[in-house]
Amino acid sequence: GDANLRFYAGVPIFSTEGLALGALCIVDGQPHRDFSEGDQQHLRELAKMASERLELKRIEVLTDSTRPNFEIYAGSSEVPIIWFDAECKIIEWNDAAAAILGYEWDDKFTLGVNDLLAHDTRNSFFEMIANASVKGTVEQLTVPNKIIGLRKDGVEVELSFSVFSWHLAGRLQFEAILKELDYDQRENEQLNRQANSDPLTGLLNRARFYSCVERALSRPRPAV
């Protein structure tokens, strides 16, 4: 057609509930008969990452609006989410949150947030929650972007960490969003690698080459 497309590869993007959201596509004006099974797998992995980023955005948007029932909000989400109160008592968590720390969903009835934190982390965490309770929000506080969790088996795990707050019946409530830091780092490294290198040779691709050249040309040079 007018677009002169000679190559198309696409992978559907699904929500955590299995709803089709769209597709991640590659198009080109040149055919690519060498698009291998490995290339197809990379595209599927990128589509999964896109789905996870969309899920995080959905949670962020809902956080800024009136909160629905937890089961509707996060029950089936693959993102680990914990709701807790100012006394650090767990109100709700989803299966993903329980699993990331080695627990079952119904363990929440016998646990407090302190049970999920490494011993050296607890005092600073409780101080942050106490300050938020005084101010009525976490927005004005310095919140760490990672935290050391404690699994049920006693193993410490480094987690990326975001916290939000809202008022319910005059009381401050909190939400923690967790993610294994190692996984987060691997995901970012993989995205960077796929964006900047050829999957077959491992060498820098044209986009990365042009980026390096542009940075080199933009550096100030000493006068001769």
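How much accessible surface does the protein chain have, and what percentage of that surface belongs to carbon and sulfur atoms? In this predicted model, the accessible surface of the protein chain comes to about 14200 Å², and carbon and sulfur atoms account for 53% of that area. Buried residues make up 34% of the 224 residues in the chain.

## Overall architecture

The protein chain contains six helices and seven strands, and along the sequence these elements follow the pattern β-β-α-α-β-β-α-α-β-β-β-α-α. Among the contacts in the chain with a separation of 6 or more, 43% come from residues that are 24 or more positions apart.

## The β1–β2 pair

Strands β1 and β2 run antiparallel and are joined by eight bridges; one of the residues taking part is V11, whose bridge partner in β2 is L24. The side chains of strand β1 (residues 7–14) alternate along its length, with F7, A9, V11 and I13 pointing to one face, where they are buried, and Y8, G10, P12 and F14 pointing to the other, where they are not. Y8 also takes part in a nonpolar surface patch of about 320 Å², which Y8 makes together with L5 and V27. V27 belongs to strand β2 (residues 20–28) and is partly exposed, with a relative accessible area of 45%; a patch residue must have over 30% relative accessible area, so the value of 45% for V27 satisfies that requirement.

## Nonpolar cores

The largest nonpolar core has 29 residues, of which I82, F84, W93, L116, F125, F161 and F174 touch the most other members. At least two residues of this core are supplied by each of β3 (81–85), β4 (90–93), α3 (95–100), α4 (119–135), β6 (156–168) and β7 (171–180). Apart from this core lies another, made of eight residues, including V79, W83, W166 and I177.

F125 gives a closer view of the packing: leaving aside neighbours within four places in sequence, F125 is in contact with F84, C88, V113, L117, I147 and F161. One of these partners, C88, is found in the loop between β3 and β4 and is buried, with a relative accessible area of 7%. The backbone of C88 has a phi near 65°, a positive value in a residue other than glycine.

## Polar and charged residues that are buried

Is Q173 buried or exposed? Q173, which is found in strand β7, is buried, with a relative accessible area of 9%. Beyond its neighbours within four places in sequence, Q173 is in contact with F84, D85, I91, F164, S165, W166 and L168.

K108 is found in the loop between α3 and α4 and, at 5% relative accessibility, counts as buried. With neighbours within four places in sequence again set aside, K108 is in contact with I90, I91, E92 and W93. The contact with E92 includes a salt bridge, in which the closest N and O atoms are 2.6 Å apart. Because K108 lies in the loop between α3 and α4 and E92 in strand β4, this pair ties together parts that are 16 residues apart in sequence. In contrast to the buried K108, E92 is partly exposed, with a relative accessible area of 24%.

## Salt bridges

Side chains of opposite charge can pair when their charged atoms come close. The structure holds six salt bridges, and three of the pairs are set out below.

| Salt bridge | Closest N to O distance |
|---|---|
| R44 with E37 | 2.7 Å |
| R171 with E87 | 2.9 Å |
| K108 with E92 | 2.6 Å |

R171 and E87 link distant parts of the chain, as R171 is in strand β7 and E87 in the loop between β3 and β4, 84 residues apart. R171 is partly exposed, with a relative accessible area of 47%, whereas E87 is exposed, with a relative accessible area of 55%. The loop that holds E87 is also the location of the buried C88. In the salt bridge between R44 and E37, R44 is partly exposed, with a relative accessible area of 34%.

Technical notes: Residues are numbered from 1 along each chain as its sequence is written. This is a predicted model: local features need pLDDT of at least 70, side-chain atom pairs count only at pLDDT 80 or more; totals for chains, interfaces and linings use all residues. Side-chain values use heavy atoms; hydrogens and water are left out. Patches are made of residues with over 30% relative accessible area and no salt bridge: like charges are joined within 9 Å, nonpolar side chains (Val, Leu, Ile, Met, Phe, Trp, Tyr) within 5 Å. Accessible areas come from the Shrake-Rupley method with a 1.4 Å probe; for residues, only the protein chains shown count as cover. A salt bridge is a side-chain nitrogen of Lys or Arg within 4 Å of a carboxyl oxygen of Asp or Glu. Helices (H or I, at least four residues) and strands (E, at least two) are DSSP runs, numbered from the N terminus. Buried means under 20% relative accessible area, exposed over 50%, partly exposed in between (1.4 Å probe, protein chains only). A nonpolar core is a set of buried Ala, Val, Leu, Ile, Met, Phe, Trp, Tyr and Cys residues joined through side-chain atoms within 4.5 Å. Contact means heavy atoms within 4.5 Å. Two strands pair if DSSP finds at least two bridges between them.
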